[in-house]
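Biologist: I'm new to this one, so please pick a single part and walk me through it slowly. Plain words are welcome.

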Amino acid sequence: MSKSATLLLAGMVVAGVASTGQAFWFGHAAAGCGAACQSRTGADPLDYCLNGCEENSKWPSQYLCPDRVHAHAPFDTMVRNGWRRQNLLGAHHFNEDASRLTQAGELKVRWIMTQAPPQYRRIFVEQALKTETTEQRIATANQFAEAAAFGQQVPQVATTHIVSEGRPAATVDYVNTQFRENMKVPVLPTTSLGGGGAGQ
């Protein structure tokens with residue numbers, strides 16, 4: 001068998017074996033990994049042979065980046081869901097007709113705009129049973145955010161199906177009051193200076 005025929009046969013074998021692996025490992029999973037994770041492809045059988053030799057020489061480093069992307073994906077999702085709940089405006093943040101924010105709602109929007117990390121400064125509004133009420137909540141939140149921006153970037157307002165699990169203010173005040181009233185006096189313990197025995 002001639003040298004060119006051998007290279008052609010080897011190239012066809014490598015192409016058949018590597019095509020399935022490349023479809024899995026070098027698809028969307030490696031989209032953000034950069035060019036270092038991508039393998040070179042070509043129609044020339046010699047390119048397939050060289051590509052196979054290159055992958056074998058650096059194995060398994062070419063698979064680490066896609067694996068890391070898959071491993072990080074659940075944590076990224078949990079972080080985004082956590083900030084969605086943290087930046088959530090519920091029904092108790094609006095008045096009855098959702099024409100304005102309550103004091104708690106205004107403080108929540110101000111906190112989102114000034115204290116949340118810049119990449120997570122996005123306001124989420126709990127969906128109401130009526131579409132008109134949800135749209136009114138979005139408009140009210142947008143209006144207050146634009147008025148409180150003072151030239152800064154206005155955060156985006158979006159709806160979410162998550163329900164805001166708030167507690168009545170009276171309950172929160174009662175817990176804080178009881179905690180404050182039952183605190184121990186911050187004084188040092190009394191000690192006896194007279195003949196201390198082994199039992200003291």
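Modeller: Helices and strands here are DSSP runs (H or I over at least four residues for a helix, E over at least two for a strand), numbered from the N terminus. It's a predicted model, so local features need pLDDT of at least 70 and side-chain atom pairs pLDDT 80 or more, while totals for chains, interfaces and linings use all residues. Residues are numbered from 1 along each chain as its sequence is written, and side-chain values use heavy atoms, without hydrogens or water.

Let's start at strand 2 (residues 123-126), which pairs with strand 3 (residues 157-160) in the parallel sense over four bridges; pairing takes at least two DSSP bridges. Between these two strands the chain runs through helix 5 (residues 131-149), a right-handed β-α-β crossover. Right-handed means that, with the strands pointing away from you, the path from the first strand over the helix to the second goes clockwise.

Past helix 5, in the loop leading to strand 3, sits phenylalanine 150. Its phi is positive, about 55°, though it isn't a glycine. Most residues other than glycine have a negative phi. Phenylalanine 150 is exposed, at 69% relative accessible area (exposed is over 50%, buried under 20%, partly exposed in between, with a 1.4 Å probe and protein chains only).

Back on the strands, glutamate 126 stands opposite threonine 160 of strand 3. Glutamate 126 is also the nearest oppositely charged side chain to buried lysine 108, but it's 10 Å away and lysine 108 has no salt bridge. A salt bridge needs a Lys or Arg side-chain nitrogen within 4 Å of an Asp or Glu carboxyl oxygen; Lys and Arg count as positive, Asp and Glu as negative, and His and the chain ends aren't counted.
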